[in-house]
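Thank you all for making time for this. I would like to walk you through one structure, slowly, for those who have not met it before.

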Amino acid sequence: IAEMSGLDESVRDITDKLDSVGNTTAAMGKGFAIGSAALTALALFFSYKEAVGLSSIDILNSNVVIGLFIGGMLPFVFSAFTMESVSKAAYQMIEEVRRQFRTIPGILEGKAKPDYKTCVAISTKASLREMIVPGLLAIAAPLLVGCVLGVDALGGLLAGSLVTGVLVAIFMSNAGGAWDNAKKY
């Protein structure tokens, strides 16, 4: 028994180290992705400025301020929609797993295989269906602001969404890492 517990402890140490390496790698990858997205958004912002001939964005202009607030809000609204979508898909998956435990005898004992295809189908359909509203939001908001309030307001929207989008991305990346590490405790 002592040998078994020693073996279990060494296996646990190895898996903890591998998990740590995986978390570090994931954090670095997320950092690079956030940085490249921020630089791309900044380049697109300057391309927009050149395309419409803006020499500056006057934050004393009320339309620009409206655009800044709408743009600053968009990453939060987009994130809320996507988190709600993940929650809906997870509940569908839970219900399917429960159904399979009820209707397919022997899954818990390892004598029968679960219906993996149905679970993959739920995940795929949910990911496509649930991203319609956030996708439309990302397309419609700039079009509406630009058409209704003008190019200055759209510049404000782009600036506001760039600033808060980067900050939300960094926050969520760090929060995700913290939750991942907290689950061990």
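I will speak about the pockets, then the salt bridges, then the aromatic pair, and finally two residues and their distances to others.

Before anything else, please keep in mind that this is a predicted model, and that the values I quote are computed from it.

Let me begin with the pockets. The largest pocket holds about 490 Å³ of space. Its lining is made up of 21 residues, and the ones closest to the centre of this pocket are Ala41, Pro75, Ser161, Leu162 and Gly165. If you want to find the pocket by its helices, the elements that each give two or more residues to the lining are H1, which covers 2–52, H2, which covers 62–103, H4, which covers 132–149, and H5, which covers 151–182. Among these helices, H5 provides the largest share, namely seven residues.

What is the division of that lining into nonpolar, polar and charged residues? For the largest pocket we have 18 nonpolar residues, three polar ones and no charged ones.

The second largest pocket has a volume of about 200 Å³. It is lined by 13 residues, and those nearest its centre are Asn23, Ala27, Lys30, Ser173 and Gly177. Here H1 and H5 each supply at least two residues of the lining, and H5 once more gives the most, with seven residues. The lining of this second pocket divides into four nonpolar, seven polar and two charged residues, which you may like to set beside the 18 nonpolar, three polar and no charged residues that line the largest pocket.

Now to the salt bridges. The count comes to five salt bridges, and I will go through some of them.

One of them joins glutamate 130 to lysine 88, where the closest N and O atoms are 3.8 Å apart. This pair links distant parts of the chain, since glutamate 130 sits in helix H3, residues 116–130, while lysine 88 sits in helix H2, and the two are 42 residues apart. Is glutamate 130 buried or exposed? Glutamate 130 has a relative accessibility of 16%, and because the limit for buried is under 20%, glutamate 130 counts as buried. Lysine 88, its partner, is partly exposed at 40% relative accessibility.

Glutamate 130 also forms a salt bridge with arginine 129, and in that pair the closest N and O atoms lie 3.7 Å apart. Arginine 129 has a relative accessible area of 40%, so it is classed as partly exposed. Taken together, Lys88, Arg129 and Glu130 are linked in a network of salt bridges.

Another salt bridge is formed by lysine 49 and glutamate 50, with 3.1 Å between the closest N and O atoms. Lysine 49 is partly exposed, with a relative accessibility of 22%, whereas glutamate 50 is exposed, with a relative accessible area of 58%.

Let me turn to the aromatic rings. The structure holds one aromatic pair. It is formed by phenylalanine 45 and phenylalanine 46, and the arrangement is edge-to-face, with 5.7 Å from centre to centre and 80° between the planes. Phenylalanine 45 is buried, at 15% relative accessibility, while phenylalanine 46 is partly exposed, with a relative accessible area of 43%.

Last, two residues and their distances. Phenylalanine 76 is found in helix H2. Which residues is phenylalanine 76 in contact with, if we leave aside its neighbours within four places in sequence? The contacts are with Thr164 and Val168. The C-alpha atom of phenylalanine 76 is also separated by 8.0 Å from that of glycine 165, although the two residues are 89 residues apart along the chain. You may recall Gly165 from earlier, as one of the residues closest to the centre of the largest pocket.

Alanine 51 lies in helix H1, and with a relative accessible area of 66% this residue is exposed. Between alanine 51 and proline 114 there are 55 Å from C-alpha to C-alpha, and the two are 63 residues apart in sequence.

That is where I will stop, and I am glad to go back to any part of it.

Definitions and conventions:
Residues are numbered from 1 along each chain as its sequence is written. This is a predicted model: local features need pLDDT of at least 70, side-chain atom pairs count only at pLDDT 80 or more; totals for chains, interfaces and linings use all residues. Side-chain values use heavy atoms; hydrogens and water are left out. On a 1 Å grid over the protein atoms alone, a cavity is a set of points where a 1.4 Å probe fits but cannot get out, and a pocket is an open set with protein on both sides within 12 Å along at least five of seven lines; lining residues have an atom within 4 Å of a point. Grid points are joined across faces, edges and corners, and a volume is the space filled by probe spheres set on the points. Helices (H or I, at least four residues) and strands (E, at least two) are DSSP runs, numbered from the N terminus. Ala, Val, Leu, Ile, Met, Phe, Trp, Tyr, Cys and Pro count as nonpolar, Asp, Glu, Lys and Arg as charged, and the others, Gly among them, as polar. A salt bridge is a side-chain nitrogen of Lys or Arg within 4 Å of a carboxyl oxygen of Asp or Glu. Buried means under 20% relative accessible area, exposed over 50%, partly exposed in between (1.4 Å probe, protein chains only). Rings of Phe, Tyr and Trp (its six-membered ring) pair if their centres lie within 6.5 Å; planes under 30 degrees apart count as stacked, over 60 as edge-to-face and the rest as tilted. Contact means heavy atoms within 4.5 Å.
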